[in-house]
Amino acid sequence: MTGKIDARLGELGVTLPDAPAPAANYVPFVQVGDLVFVSGQISQGPDGLIKGKLGDDMDVAAGADAAKRCAMSLLAQARAACGGDLDRVVRVVKLTGFVNSTADFTDQPKVINGCSDFLVEVLDDAGRHSRSAVSAAALPLGVAVEIEAIFQVN
């Protein structure tokens, strides 16, 4: 069954990855009522982890692309939480984005826009959300970006 959101992903030429398995002692998502809390998804693409430090060896555009990859994993986890039906997503409620960056780097919001913009492109107004974008001195496995999300589902 292909729903509206799957059709939109197809129009964009996007294939979501399989929902990544947890890398430690936690679950990928928890549903409480109509909210799904998705654990932090790290930047990774088809060729593996997307590593780097913003303000050092990675520019904002590459960081935003890494954040977009996080968005794809967030949607993959939401799809898993919804039994494969992304049309059950009512809206993205909140994102918290962590950017592996130098002490003087201040464009964390521009990096996390890679995730935010993608979610709005796919989900339209349901993709609009509250958000935090913060710096981190280091992230797991040296990745550039990690983002967690809260989705409202029906």
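Let me start at L139, which sits in the loop that runs between β6, residues 130-136, and β7, residues 145-153. Please keep in mind throughout that what we are looking at is a predicted model.

Is this loop residue buried or exposed? With a relative accessibility of 12%, L139 falls under the 20% limit, and therefore it counts as buried. As for what surrounds L139, if we set aside residues up to four places away in sequence, it touches F98, V99 and N100, and also A144, V145 and E146. Another pair to look at on your screen is L139 and S101, which are 38 residues apart in sequence, while their C-alpha atoms are 9.3 Å apart in space.

One of those partners, V145, deserves a moment of its own. Apart from L139, and again leaving out residues up to four places away in sequence, V145 touches Q41, I42, S43, G63, A66, A67, C70, F98, V111 and I112. V145 also appears in the largest nonpolar core, which has 39 residues, and there L75, V145, I147 and F151 are the ones that touch the most other members. At least two residues of this core come from each of α1 (4-11), β2, α2 (60-81), β5 (89-100), α3 (108-123) and β7, and it is α2 that gives the most, with 9 residues. As general background, nonpolar side chains in soluble globular proteins tend to be buried together.

Now to Q41, the partner of V145 that lies in strand β2, residues 35-42. Q41 has a relative accessible area of 6%, so this glutamine is buried. Which backbone atom lies 3.0 Å from a polar atom of the Q41 side chain? That atom is the backbone oxygen of S39. Beyond its neighbours within four places in sequence, Q41 is in contact with P20, with C70, S73, L74 and Q77, and with V145, E146 and I147.

Let me turn to two of the helices, α1 and α3, which pack at an angle of about 115 degrees with their axes 9 Å apart. From α1 the contact is made by I5, R8 and L9, and from α3 by F118, E121, V122 and L123. By character, the residues of this contact divide into 5 nonpolar and 2 charged, with no polar ones.

Finally, a word on annotation: an unreviewed UniProt entry lists residues 7-142 as "domain: Endoribonuclease L-PSP/chorismate mutase-like". In the model, that span is 32% helix and 26% strand, and its end C-alpha atoms lie 34 Å apart.

Methods
Residues numbered from 1 in each chain as written. Predicted model: local features only at pLDDT ≥ 70, side-chain atom pairs only at ≥ 80, totals over all residues. Heavy atoms only, no water. UniProt positions renumbered as here; feature names shortened; annotations may be inferred. Helix = DSSP H or I, 4+ residues; strand = E, 2+ residues; numbered from the N terminus. Buried < 20%, exposed > 50% of the residue type's maximum accessible area, 1.4 Å probe, protein only. Contact = heavy atoms within 4.5 Å. Polar contact = N/O pair within 3.5 Å; in protein donor to acceptor, adjacent residues only side chain to side chain. Core = buried A, V, L, I, M, F, W, Y, C linked by side-chain atoms within 4.5 Å. Axes fitted to C-alpha atoms, helices over the stretch in contact; angles between N-to-C directions. Nonpolar A, V, L, I, M, F, W, Y, C, P; charged D, E, K, R; others polar.
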